[in-house]
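Student: I'm new to this one and I'd like a close look at a single part, with enough of the surroundings to make sense of it. Here is what I have open.

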Amino acid sequence: MTNGRIFHSSFVISFHLFTHDYWMRQALIEAAKAFELDEVPIGCVIVQDERIIAKGHNLTEQLKDATAHAEMMAITSASAALESRYLTDTTLYATIEPCPMCAGAIVLARIPRLVFGAYDIKAGACGTLYNIPQDTRLNHQVKIIPGVLDKECAALMQEYFRKQRNV
Ligand code: ZN
């Protein structure tokens, strides 16, 4: 379940068993947990050395807390796990483009890499309305990989809002 190696003749080929798709599916599992709770279905996992160190899903209604976004939950959990406010050598996977608050938290935690699913045309702060993680006026920039499993990530959101309208 970690980095694998193939020994072939005199060559040693290292490869990653896990792809961005794989980790995004784990984030989607988190998003589904939010969906089951009638929360906006956004999920997040934080990965370090090919393993998940923290997970989170949106809990703003359950906790009556506007800051209880999936990414904030995961960042808090990862910081506790690593006993550090800086999450160096990690990748944060979020099903939806992070909002300004979460994008700010990603910068503050100095997360080096962000992978997200669908763009958020209403609140996205990682390329849509703003690009906070790559604003060179801030003291940390983040590599961004957008669009991973974007259709699945967006479909869960659409299903949620369709359900809300029909209640
Ligand atoms: Zn957010």
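Student: What share of the 167 residues in the protein do buried residues make up? Once that's clear, please take me slowly through strand 5 (residues 91-96) and whatever sits around it.

Tutor: One thing up front: what you're looking at is a predicted model. As for your number, buried residues make up 37% of the 167 residues. Keep that figure in mind, because five of the six residues of strand 5 are buried, so the strand is largely enclosed by the rest of the structure.

Let's get our bearings before zooming in. The protein has four helices and seven strands, and if you walk along the sequence you meet them in the pattern β-β-α-β-β-α-β-α-β-β-α. The C-alpha atoms fill a box of roughly 65 × 35 × 30 Å along the principal axes. The radius of gyration is 16 Å, which agrees with the value near 15 Å that a compact globule of 167 residues would have. Also, 54% of the contacts with a separation of 6 or more are between residues 24 or more positions apart in the chain.

Now find the sheet. It is an open one of five strands in the order 4-3-5-6-7, with mixed pairing. At the edges you'll see strand 4 (51-57) and strand 7 (143-145), each of which pairs on one side only. From one strand to the next the twist averages 20 degrees. In that order, strand 5 sits between strand 3 and strand 6, so let's take its two neighbours in turn.

On one side is strand 3 (residues 43-48), which pairs with strand 5 in the antiparallel sense over four bridges. If you want to spot the match on screen, look for Ile46, which stands opposite Leu92 in strand 5. Another pair to click on is Cys44, whose bridge partner in strand 5 is Ala94.

On the other side the sense changes: strand 5 and strand 6 run parallel, joined by five bridges. Here a handy marker is Ile96, with Ala118 as its bridge partner in strand 6.

So much for the strands; what about the helices? Helix 4 packs on the sheet, where it touches strand 5 and strand 6 (113-118). The direction of helix 4 makes about 60 degrees with that of strand 6. Helix 4 (residues 150-166) also packs with helix 1 (residues 20-36), at an angle of about 0 degrees and with the axes 11 Å apart. The two helices are therefore roughly parallel to each other. Helix 1 brings Leu28, Ala31, Ala32 and Phe35 to that contact, while helix 4 brings Glu152, Cys153, Leu156 and Tyr160. By type, the residues of this contact are seven nonpolar, no polar and one charged.

Helix 1 has its own link back to the part you asked about, through Ala27, which is in that helix. Setting aside its neighbours within four places in sequence, Ala27 is in contact with Gly43, Cys44 and Val45, and also with Tyr93, Ala94 and Thr95. You've already met two of those, Cys44 and Ala94, as bridge partners. Ala27 is buried, since 32 other C-beta atoms lie within 10 Å, and the cut-off for buried is 20 or more. Its C-alpha atom is also 10 Å from that of Ile52, which is 25 residues away along the chain.

Finally, look at how the chain comes into strand 5. Between helix 2 (70-82) and strand 5 there is a loop, and Asp89 is found in it. Asp89 has a phi near 60 degrees, a positive value in a residue other than glycine. With 12 C-beta neighbours inside 10 Å, Asp89 counts as exposed. Set that beside Leu149, in the loop between strand 7 and helix 4. Leu149 also has a positive phi, about 55 degrees, without being a glycine, but Leu149 is buried, with 22 other C-beta atoms within 10 Å.

To put your strand back together: strand 5 has strand 3 as an antiparallel partner and strand 6 as a parallel one. Helix 4 touches strand 5 as it packs on the sheet, and five of the six residues of the strand are buried.

Notes:
Residues are numbered from 1 along each chain as its sequence is written. This is a predicted model: local features need pLDDT of at least 70, side-chain atom pairs count only at pLDDT 80 or more; totals for chains, interfaces and linings use all residues. Axes are lines fitted to C-alpha atoms, for helices over the stretch in contact, and angles run from 0 to 180 degrees between N-to-C directions. Angles under 35 degrees count as roughly parallel, over 145 as roughly antiparallel, 65 to 115 as roughly perpendicular and the rest as oblique. Two residues are in contact if their C-beta atoms, placed from the backbone, lie within 7 Å. Ala, Val, Leu, Ile, Met, Phe, Trp, Tyr, Cys and Pro count as nonpolar, Asp, Glu, Lys and Arg as charged, and the others, Gly among them, as polar. Two strands pair if DSSP finds at least two bridges between them. The radius of gyration is taken over C-alpha atoms; the globule rule is 2.2 Å times the number of residues to the power 0.38.
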